[in-house]
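Reader: Hi! I'm new to reading structures, so could we walk through this one together?
Author: Happy to. Let's put it up and begin with a bit of vocabulary.

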Amino acid sequence: MNVGIFTPEIVMVITLIVILGVKYLAKNQFTVGLTAVVGLITAGVSLAYLTDDLGMIWGHSFVVDSYSIFFKALLIGVAVVVSVISFKYVEEKKIKPGEFYSLLVASTLGMLVMVSSYSLVSIYIGLELMSISAYILIGMLQEDKRSTEAALKYLLIGALTSALLLFGVSLLYGVTGTTNLIQIAEVVSSGQGALTATAASMTPLLMMGVVFVLAGFGFKVAAVPFHMWAPDTYEGAPTSITAFLITGSEAAAFAALLRVFNVGLSELAETWSLLIAILALLSMTLGNIGALTQTNVKRMMAYSAIAQAGYVLVGVAVATQSGIFPVLYYLLAYAFMTLGCFAVIILLSNNFDSEELDDFRGLSEKAPMFAAAMTLFFLSLVGIPPTGGFLGKFFIFKAAIGSNYLWLALAMAINSVISLPYYYGVVKNMYLESPTNNMKLTIPSELKFVVGFSAIAILGLGIIPEKFINLIQLAANFVF
Amino acid sequence: MVEYAWLIPVLPLFSFLIIVLFGRYLKNDSDKIGIGSLFISFLLAIGVLLEVINGSTITKEFVWATHGDIEIAFGYSVDALTAMMFVVVTFVSLMVHVYSKGYMEGDSRYKRFYACLSLFTASMLGLVIANNLLLLFICWELVGLCSYLLIGHWFEDIENVLAANKAFLTTRVGDIGMLIGVIMIFAMGKTFNFAELTHLVEHGEIAGVGLTVATIFLFVGAIGKSAQFPLHVWLPDAMAGPTPVSALIHAATMVVAGVYLVARMFLIFAAAKTTLTVVAFIGGFTAIFAASIALVEEDIKGVLAYSTISQLGYMVLALGVGAYTAGVFHLMTHAFFKALLFLASGSVIHAVHTQNMHKMGGLLKKMKVTGWTWIIGSAALAGVPPFSGFWSKDEILLGAYHSDYKILFWIGVIAAFFTAFYITRATIMTFFGEPRDDHAYEHAHESPSVMTIPLILLAILAFGSGFVNSPLTDMAFGKFIALEHGHHASPSSFVQMTAVGATLSGIILGWLIYGLRIISRKSIIKFLYPVWRLLKGKYFIDEIYNVVAIRGSLALSKLIGAFDKYVVDGIVNLTGRLGVFIGDLIGDFDNKVVDGAVNGVRNTFYVGSRLIRNAHTGYLQSYALTLFFSVLIGLIIIVIGG
Amino acid sequence: MYEFNGIVIFFILGLLMPIGALIGAYILAPTKSSPQKYLTYECGLDTRGETWVQFKICYFLYALVFLVFDVETIFLYPWAVTFQQLGTFAFVEMFIFIAILIIGFVYAWKEGALEWF
């Protein structure tokens, strides 16, 4: 057995334990956060030593390929950024640092397992590790009722959808007699299943399995109609965790979703792509409309996240025909813009202890660089050049037009227009309104770093995309 | 007609279902359904009996489950015993149904009462028609359930609930024994069918200790249901139910189930001599034991209750000494006269609103029909020739006289003396002499005809039903009911004289004490005070059970508590100390961290629970609902689109 | 379409069963209400005091710690049975597993999960 394949995961486990030790030994809270960051970066660096030829273990259920390395890098990056922007926040909100960072690492570990899995069971295990850690993370603001409520809602709905997902998995297993994605694909194409002899008689149960599995993943990516928890949870959770969920959790879920549907069930693409297209349409529309009337910026970002998930789902729906490259590109860009946004939100939250849209008033006077970066992130979210968001949307758009989902491309275009007002509302507050108070902002240097880095990345993705494109194309090729 | 025999239990069952399901549309017409269906059943039963007398029988079976080479079949069969039981049960039950129309009028749970009565009758009839132990056991349990429902009919009063519980639980004790017996018999014979079992026993394939133990266990079931010593305690308490229910339970349904079981499996029991001896002695002891308690009862229904136990003892005694015909014959006559006595007592209670005989007296003047029918019933119970009880009791004593144990005969005779005495006492205290409670007397009136007509009909049978097995009819009943191996003991004038002598002396003694008051009741009590106290306390059986069962379990729980306190706590404390010790070793224990953590978690849950309490739960449920509907819609899309 | 017939029938039955049961109950059930019927059901006993009672969190923490070691034992059994076939690697692996659990246990201890307040 090749243990080397697990290097990042093992590093993460050790990090987790060390954080707990540091919690008791260190006098300074900052040390705990720093341990987490160092551990995560070590894990990230160890990725460089993983190569494609490491292959698979556990009977082809755990794999290291470019695709998983791409997502692991992305997820570890997200975790590092989330840890960094949490330094001050954790202190301000009196969150217990040891638990916070160790759970963050644990959740990331679950994600890593998810994106490397070639088997429904190990995907589920990763998913649960990710979710269960997330349930606690969301409820970390013990004094805040909204946080507790958010955690409870996420937990209950999460448990429910876990059951749905498992039911779907059991159906797939029942029909095909295996949980391994490659073997499932073989069974589906040959029709030689455990249960039945012909492909035709297999279809109904497979379809039911598809629907239930899709419901399970739909919950994780907060796609309408499985999104109901998202606004409450994203609003109530600690702000950095909201960012973590929107970027990390969603990216990991998309990674697993793509793997399951494109490797295991690609034969059935005609059916599930229709379902995903419907989810995409609903998510985009409802998310954007819901965001319009929000006054709390976290809640607004929650609805925005639902809409963005809708865009990604468009890419997923047409992935079998046009490739998964657009999805990966968009997820990468989306991670940067969301993290950037939340870094700014955390800045305000640290200073004003609230997350209302009004807090943005006059930000251009108090922190001009942050206001400019926020504007850039919003431009990227709406999809205006020369940002990474524009290119991401453009690739997905192109893929949709290239397939037979023209109507979906149309809906996407219309939705981009709908989304403009609420993003603009924030920008207007920052530049055209006068500040509500004269409080001076204290700006921690790590936030400056994160916001700056995100802004550069967004611009880089938009202006010099070739480098990224090649890299991502490499990852994308590995799914098939 | 005999091929429609299955309808007899099914009709009351239907009536039960109709009343239960559509009771609210029927309102008080439920009684008509119950009475009507039972009336048809009764007519059918008569028809079946006539055909069975002419020699036709029927057996039907269908396989219910197959397991390996074992087939479990359900079926029914109609033979002489079944046909006779059909008539007795349907007739008595019909009388009770009609009578209840008057007695239960205006009851708040009138429909429920009739529903239960119907189910009760149906399950008893099912028990009688069953040709296998399994179906019999199911019906047996149903009978127990119905008795629970009916005894606790007026459940507003906690006493009634306790009585119902007691009846149910006590008979359950017997039922467990019976279940063991059923399983043992099945294990040995691989069948539940009576005919096949009998066949196996006769060919010696089931024999020896196994058979003895199994039959004794089966008999334990009969002890419970037929209220034999020592499981008789539920029956007197079961008086708490409405009087028609008492009549049904004590005359025709529940209690005779045990006797019926022994009669039905008589040839199997007969093969186990030890069991038969046990049966005979338990029966004999119960007969005299219960009769002695009835001597001092003040409650009119109490007298009848102990009388029932005693008479059941007679039946069991008869079966135990091998006098099969006598036992079954007494079952029949007893059903009629005991039902009559109960219904008559109900009529009295209905009139004077008390059950205490010391507050009655002289009621014959006010209640002619009730009074005279009661007297006929008492005469039958006491065994006055030529009333029905005389013939059947005589037959039992004859059987006991010819058995291996002469003592059983003398026990029977003394019990007969007691019987005559206590029923004379009850009759005189109730219907003769001066009214002791003027208010009650003033208030008394004859019951409506819906109650008195059943009394008259029952009285006719209580008087006449004995003749079917008398020399006048050439022992027709005996010939009809007898098993092939049944033997009829030759009549003995000695037995007859002794029996009549015991009866008459009992009546005369009762008349002297209570009627003419020549012998002072007080002086007798004074003279025999310890005995009187013992009888008054019903041999303190209930108290003994209380001590054994309740105190026993309390003591046990205390013992366990002590174990918990000293041993378990000790271990826990030790572990705790060890834990603290190790904790100290590892490092300084930060109390603040500990406090903080626990308080934090506590607060979290506090807030969480408050949140759930507030409006948010509704949302969550609708979230989940949306989720499921979404999945459903997804499936529909796939089905339509795919 | 055609191959979905079984599932469609399943769904229709699944829908009809509860609906049928509800309608049946509505038609057949007597609608008499009494104060007793509105009581909270608690094992047949009358309820005493508030139904919203706080439980000591300590129970929960104990249960959690217990559960972890319960599961550990389940893992240890098959490991112990096939110990000789598995070789050194499994031996070391199991020690890592136990070590991780012990760390968790020490954590729980430090946080006071084993203290009864």
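Author: Helices here are DSSP runs of H or I with at least four residues, numbered from the N terminus. With that in hand, A63(C) can be placed in helix α2 of chain C. One thing to keep in mind is that this is a predicted model.

Reader: Thanks! Is A63(C) buried or exposed?
Author: A63(C) is exposed, with 11 other C-beta atoms within 10 Å. The cut-off for exposed is 12 or fewer, so A63(C) falls in that class.

Reader: How far is A63(C) from A113(C) in space?
Author: Their C-alpha atoms are 9.9 Å apart, while in sequence the two residues are separated by 50 positions.

Reader: And the helix that holds A63(C), how many of the residues of α2(C) are buried?
Author: Two of the 25 residues of α2(C) are buried, so the helix lies largely in the open.

Reader: What span should α2(C) have, going by its residues?
Author: At 1.5 Å a residue, the 25 residues of α2(C), residues 57-81, should span 36 Å. The end C-alpha atoms of α2(C) are 37 Å apart, which agrees.

Reader: What else is in chain C? How many helices and strands?
Author: Chain C has three helices and zero strands. Its elements run α-α-α from the N terminus on. Of its 117 residues, 6% count as buried.

Reader: OK, switching to chain A. What share of its residues count as buried?
Author: For chain A, 64% of the 480 residues count as buried. This chain has 20 helices and two strands. Take the contacts in chain A between residues at least 6 apart in sequence: 79% of them join residues at least 24 apart.

Reader: Could you show me a helix of chain A? Is α17(A) largely enclosed or in the open?
Author: α17(A) is largely enclosed by the rest of the structure, because eleven of its 15 residues are buried. Among the buried ones are F390(A), L391(A), F395(A), I396(A) and F397(A). K393(A) is also buried.

Reader: Which length does α17(A) have from end to end?
Author: The end C-alpha atoms of α17(A), residues 388-402, are 21 Å apart. That agrees with the 21 Å its 15 residues should span at 1.5 Å a residue.

Reader: Now a single residue of chain A. Where is I136(A)?
Author: I136(A) is in helix α5 of chain A, which covers residues 120-138. I136(A) is partly exposed, with 17 other C-beta atoms within 10 Å. From I136(A) to T148(A) is twelve residues in sequence and 9.2 Å in space, C-alpha to C-alpha.

Reader: How do people describe two helices packed together?
Author: Two packed helices are described by the angle between their axes and the distance between the axes. As an example, α3(A), residues 66-92, and α20(A), residues 465-477, cross at roughly 125°, and their axes come within 6 Å. α3(A) and α20(A) are therefore oblique to each other.

Reader: Which residues meet where α3(A) and α20(A) touch?
Author: S66(A), Y67(A) and F70(A) of α3(A) meet I472(A), L474(A) and A475(A) of α20(A). By class, the residues of this contact are five nonpolar, one polar and no charged.

Reader: Let's try chain B. At what angle do α8(B) and α13(B) pack?
Author: The angle is about 25°, and the axes of α8(B), residues 208-225, and α13(B), residues 273-294, are 9 Å apart. The two helices are therefore roughly parallel to each other. α8(B) passes α13(B) in a right-handed crossing.

Reader: Which residues are involved there?
Author: On the α8(B) side they are T212(B), T215(B), I216(B), F219(B) and I223(B), which meet T274(B), T275(B), V278(B), V279(B) and I282(B) of α13(B). This contact divides into six nonpolar, four polar and no charged residues.

Reader: Last one: how many residues of chains A and B are in contact?
Author: There, 26 residues of chain A are in contact with 20 residues of chain B. In chain A, α6, α8 and α11 each supply at least two residues of the side that touches chain B. α6(A) gives the most, with ten residues. By class, that side of chain A has 18 nonpolar, five polar and three charged residues.

How values were computed: Residues are numbered from 1 along each chain as its sequence is written. Chains are lettered from A and ligands numbered from 1 in the order in which they are written. This is a predicted model: local features need pLDDT of at least 70, side-chain atom pairs count only at pLDDT 80 or more; totals for chains, interfaces and linings use all residues. Two residues are in contact if their C-beta atoms, placed from the backbone, lie within 7 Å. Ala, Val, Leu, Ile, Met, Phe, Trp, Tyr, Cys and Pro count as nonpolar, Asp, Glu, Lys and Arg as charged, and the others, Gly among them, as polar. The expected span of a helix is 1.5 Å times one less than its number of residues. A residue is buried if 20 or more other C-beta atoms lie within 10 Å of its own, exposed if 12 or fewer, and partly exposed in between; C-beta atoms are placed from the backbone. Axes are lines fitted to C-alpha atoms, for helices over the stretch in contact, and angles run from 0 to 180 degrees between N-to-C directions. Angles under 35 degrees count as roughly parallel, over 145 as roughly antiparallel, 65 to 115 as roughly perpendicular and the rest as oblique. A crossing is left-handed if the near helix is turned anticlockwise from the far one by less than a right angle, and right-handed if clockwise.
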